[in-house]
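Q: Got a minute to go through this one with me? I'd like to talk about empty space, cysteines and a few backbone oddities.

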Amino acid sequence: MRNSRIFGVVAGAMSLALVVAACSGGATPAPGGDNPYIAIVSKGSQHQFWQAVQKGATDEAAAKGATITYEGPASESEVDKQLTMLQTALDKKPAAICFAALDSKAATPLLEKAKAAGIPVVGFDSGVDSDIPVTTVSTDNIAAAGEAADKMAELIGEAGKVAVIVHDQTSQTGTTRRDGFVNRMAEAYPNIEVVAVEYGAGDPVKSADLAKAIMTANPDLKGFFGGNEGSAKGVLNALKEAGKEGAIVAIGYDSGQQQIDAIRSGVMAGAITQNPVGIGAKCVEAALDAIAGKTLEKNIDTGYFYYDKTNIDNPEIQAVLYQ
């Protein structure tokens, strides 16, 4: 499969060795004991993607004898709440922090505090505009979204109007997925017009409202790209409400249950699946390496696949679906 790649996922079974904060974002007392403590602050908790990242981190920490806390705001629009969580994590004096930024700039002052305290920071999923993280563990979102654009172009005959809904324009995942798709269309498909790029905050309801407005303004629309799980759900819900399931090509990102069901039924043409369990595992592994003083590559690519009804049951795809 062109431009697709995936890394193996390290998993363990020693779950009793782990202390994990609730994904709802409640504060957790600093863990005790001799195990290295890693604080993990995620972008959210509402999507299956983040639950899969947590599983990867939990299993890897258990296997390696580390203690973690894992928390994220209820919504990916709650930047201030995430920053509060990051400050709370710093106050616990962890050996390392793993951080997935909702806003690639807003966290810089707190990351400076981590650096001053000698606490290594590992970025995951979404990077920050800073050289403070010792590495960032993520999907190559430019390449993945570019492949989604290629698939879209093929399905609509390389001509017509398409639209993009992504989660935000403040995180690097939002901007790189947007740019990967839009730039590929501009570079390779002169007869395809991207008529709208909208931001739904990863909220299926808001994303559906945006998708319906785009369809109203563009009755000849041929395709939608939904740039994360919530965006893709919103597109699917809008198509159903508008009675346009199957009439407009939908390509998504991530692989929650609703997208899997839609691909099996033919309502969604396909989607990009990341390796969230691998992302969680690799961020803990990188944090432990940083604690040990090892030099890390600036980026750790955890891979992706494009999947549709022709390959969804392949073992390599089944291994990285979030259901």
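A: Here is a quick tour by topic, starting with how the values were made.

Q: What should I know before reading the values?
A: This is a predicted model, where local features need pLDDT of at least 70, side-chain atom pairs count only at pLDDT 80 or more, and totals for chains, interfaces and linings use all residues. Residues are numbered from 1 along each chain as its sequence is written, and side-chain values use heavy atoms, with hydrogens and water left out.

Q: OK, pockets. What volume does the largest pocket have?
A: About 280 Å³. A pocket here is an open set of points on a 1 Å grid over the protein atoms alone, with protein on both sides within 12 Å along at least five of seven lines; lining residues have an atom within 4 Å of a point. Points are joined across faces, edges and corners, and the volume is the space filled by probe spheres set on them.

Q: Which residues are closest to the centre of the largest pocket?
A: Of the 19 lining residues, those are Gly127, Thr136, Ser138, Gln172 and Asn299. Elements giving two or more residues to that lining are β6 (135-138), α4 (141-155), α5 (172-188) and β12 (299-301). Those labels are DSSP runs numbered from the N terminus: helices are H or I with at least four residues, strands E with at least two.

Q: Where does the largest pocket lie relative to the domains?
A: Between domain 1 (33-139 + 276-303) and domain 2 (141-273), because both give residues to its lining. The domain bounds come from an automatic or database assignment.

Q: And how does the lining of the largest pocket divide by residue type?
A: Four nonpolar, 11 polar and four charged. Nonpolar covers Ala, Val, Leu, Ile, Met, Phe, Trp, Tyr, Cys and Pro, charged covers Asp, Glu, Lys and Arg, and the others, Gly among them, are polar.

Q: Now closed space. How many cavities of 30 Å³ or more are there?
A: One, where a cavity is a set of grid points where a 1.4 Å probe fits but cannot get out. The space in it is about 90 Å³. Thirteen is the lining count, and closest to the centre are Trp50, Glu76, Arg177, Asn228 and Asp254. Both α1 (48-64) and α5 give two or more residues to this lining.

Q: What's the make-up of the cavity lining?
A: Two nonpolar, five polar and six charged residues. At least three residues come from each of domain 1 and domain 2.

Q: Back to α1 for a sec. How many of its residues are buried?
A: 12 of its 17, so it is mostly covered, with buried meaning under 20% relative accessible area (1.4 Å probe, protein chains only). Phe49, Trp50 and Asp59 are among the buried ones.

Q: Switching to cysteines. How many disulfides turn up?
A: Zero in the whole structure, taking a disulfide as a pair of cysteine sulfur atoms within 2.5 Å. The sulfur of Cys98 is 3.7 Å from the closest cysteine sulfur, in Cys283, too far for a bond.

Q: Is Cys98 buried or exposed?
A: Cys98 is buried, at a relative accessible area of 0%. Cys283 is buried too, at 0%.

Q: Last one: which backbone angles stand out?
A: Asp254, in the loop between β10 (249-253) and α8 (257-265), has a positive phi of about 85 degrees although it is not a glycine. Asp254 counts as buried, at 3% relative accessibility. Asp125 has a positive phi as well, near 65 degrees, and sits in the loop between β5 (121-124) and β6. Its relative accessibility is 5%, so Asp125 counts as buried.

Technical notes:
Buried means under 20% relative accessible area, exposed over 50%, partly exposed in between (1.4 Å probe, protein chains only).
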